[in-house]
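Reader: I am new to this one, and I would like to go through it slowly. Could you put it up so that we can both look at it?

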Amino acid sequence: MVKAGGYANHVAFIDLTERKVEYDEVCEEDARKYIGGRGLGVKYVYDINPKADPFSPENPHALMVGPLTGSLVPLSGRLASVTRSPLTGTITDSHVGGYVGAALKWAGFDGIVMTGVSDKPVYLLVKDGVVKIEDATSLWGRGTLEVTKLLKSKYGEEAKVFAIGPAGERKVRFASIIHDGGRASGRGGTGAVMGSKRVKAVVVVGYEKNMPKPARPEVFEKGRGLALKRILESSITAPRKGGLSVYGTDVLMNIVNEIGALPTRNGKSTSFEHAYNISGENLKATILISTPTCHACPVACKRESEVKTGKYAHKSEGPEYETAWALGANIGLGDIQAVSYLNYLANDIGVDTIELGNVLGVAAEASERGLIDEKIVWGDADKFVELVHLIARREGIGEILAEGSARAAKAFGDPDMANAVKGQGIPAYDPRGLTGFSIAYATSNRGACHLRSYTPAAELFGIPEKHDPLAIKGKPELVKLLEDFFALTDSLDVCKFSTFAMTLEDYATMLTGFTGWDIDVNEALRIGERIWNLERYINQMNGFDRRHDILPKRFMTQPSDSGPSKGNIITPTLFNSLLDEYYRLRGWNNDGTIPFSKLRELQVL
């Protein structure tokens, strides 16, 4: 039993096959070593069945929050969805903001762990420390927007809905889970895992009066006050002044485009001639109607958009920067209304917009090169809308595209068309213009990802220190530091954007104040390193090693064609030298495996 502050000390373990719910306390040792959120979720997957096929009943799927979730800690409203990914085969965790994380803590839980498969569609009702399994037959086949509306009409507006759409039901490998119709637990196909278990939604009813309280209030308030001060003064996060607050995450579009680091038309170019049209600045000037926020967040980076007339008429959250890139520049589409509409469709059917943009980019290139008969032209919004519907139904070419960019490229005859690592498509940054991502993409434990190690923080904004975007020196050290740091913050579970203002010491102080444990900066980073190595070890148990720590061929054979990065390329020789240095810093073998001595040193084994 964990006695620290911040924990509900209550986890539901649900056997969907037997329709049985059991409850257990959180182990004190596990909490100290893995915290919660991402870290504790990974530990549960490891303990229950780390080698189960992602679509098998035996694959555990954990929905987890951390000790700071639902508290007054700034930006502390996140929830982690942890399982083995059907897209990559790796361990994966996908986080969502909004209020469902806080509600889960307020409902009396640190997490919900699902195994088995229901014989018919169900949803989970979470309230007052109890999980009930309810019939969802009437909801099966419906989009996330309709499901959210129906469940809120039944349980009240205070209910938080976390639902899959038709894509998750049909096990589209990059299906997501959507919170209240607009915020996504996007990457890795966790929605497909939920669909394979025939769980349509999780409805959480929690009340703010149950907000957790710190074990050492004076220590906590001191740390929280300083952290909040940093957020309110940062040029990136300050409410109504910082870039994220004024323009949302899409403030990055013009910045990344101008330095020649925006992958365009499936990465064939490094800048997009219509970048402004899909930027946060243009979104604000045209279709933006409000800026909703998440629990305990003064930043309000979210956008809500509306197109009132025409074939793209809709109202929805977003689009975020990653989505505007994936469904914009990466498929040659420069119309913000069409991009926003594609985002709306993706949320309703329940798919990851990043992987969707990657697989549509592969399809467009395959068509351009005559590898497929289907006519798909760059920038043809109507065709892309058609393809999204086909993916959701797994019909026609949609059956292939539903498998994700790497599998689709292979099916079309050229695996190198996919800009993917470990089977997952890249996000909105080109490593030819932001070189930190050359090693960050390759070593990510969940496939190509910007959130495992967000090196542009240093390369663009000088956080924690300035790095030249095109330089190589110091990038393996930077990647390792950020991987460990973010494994910690994902386990607390707080928003990544807090790291643009807050320091590692801030997190350690608030964690100490909340739990009552004495945790300094060194121990905090060691916790992150332990989590990272456990994830790597699970992947290693499933056959992953150096052979899978790759960079897409395009980035190593075709130089950048624009901006300050023009002519830059990550050659295989250079890449391998970076990987060697990274393994050395990690204390791993040269083949990318972890020595047992390292696992024992970190107390993983």
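Author: What follows is a talk through a sheet, a helix contact and a cavity in this predicted model.

Reader: Let's begin with the sheet, then: what is the strand order in the open sheet of 6 strands?

Author: The order of the strands is 2-1-6-3-4-5, and the pairing in this open sheet is mixed. Strand 2 (20–24) and strand 5 (91–96) each have a single partner strand, so they stand at the edges with one side left without a neighbour in the sheet. From one strand to the next, the twist averages 15 degrees.

Reader: Since the pairing is mixed, in which sense do strand 1 and strand 6 pair, parallel or antiparallel?

Author: Strand 1 (residues 11–15) runs parallel to strand 6 (residues 111–115), and 5 bridges join the pair; within it, Ala-12 stands opposite Ile-112 of strand 6.

Reader: And how do strand 1 and strand 2 pair?

Author: Strand 1 and strand 2 are antiparallel, with 5 bridges, and Ile-14 has Val-21 of strand 2 as its bridge partner. The hairpin these two strands form has 4 residues between the strands, and in that hairpin Arg-19 takes a positive phi near 55 degrees.

Reader: What about strand 3 and strand 4, how many bridges do they pair over?

Author: Strand 3 (residues 61–64) and strand 4 (residues 79–84) pair over 3 bridges in the antiparallel sense, and Ala-62 has its bridge partner, Val-82, in strand 4.

Reader: Changing topic to helices, at what angle do the axes of helix 2 and helix 19 cross?

Author: The axes of helix 2 (residues 37–48) and helix 19 (residues 475–492) cross at roughly 90 degrees and come within 4 Å. The two helices are therefore roughly perpendicular to each other.

Reader: Which residues make the contact?

Author: Helix 2 contributes Gly-37, Arg-38 and Gly-39, while helix 19 contributes Phe-486, Ala-487, Asp-490 and Ser-491. By class, that contact has 2 nonpolar, 3 polar and 2 charged residues.

Reader: Last thing, how many cavities of 30 Å³ or more does a search of the whole structure find?

Author: The search finds 1 cavity of that size, and the largest cavity holds about 30 Å³ of space.

Reader: Which residues line the largest cavity?

Author: The lining is made of Leu-63, Leu-79, Val-100, Leu-104, Ile-112, Phe-162, Val-202 and Val-204. By class, these are 8 nonpolar residues, with no polar and no charged ones. Helix 3 (100–106) and strand 12 (199–205) each supply at least two residues of the lining.

Note on methods: Residues are numbered from 1 along each chain as its sequence is written. This is a predicted model: local features need pLDDT of at least 70, side-chain atom pairs count only at pLDDT 80 or more; totals for chains, interfaces and linings use all residues. Side-chain values use heavy atoms; hydrogens and water are left out. Two strands pair if DSSP finds at least two bridges between them. Axes are lines fitted to C-alpha atoms, for helices over the stretch in contact, and angles run from 0 to 180 degrees between N-to-C directions. Angles under 35 degrees count as roughly parallel, over 145 as roughly antiparallel, 65 to 115 as roughly perpendicular and the rest as oblique. Contact means heavy atoms within 4.5 Å. Ala, Val, Leu, Ile, Met, Phe, Trp, Tyr, Cys and Pro count as nonpolar, Asp, Glu, Lys and Arg as charged, and the others, Gly among them, as polar. On a 1 Å grid over the protein atoms alone, a cavity is a set of points where a 1.4 Å probe fits but cannot get out, and a pocket is an open set with protein on both sides within 12 Å along at least five of seven lines; lining residues have an atom within 4 Å of a point. Grid points are joined across faces, edges and corners, and a volume is the space filled by probe spheres set on the points.
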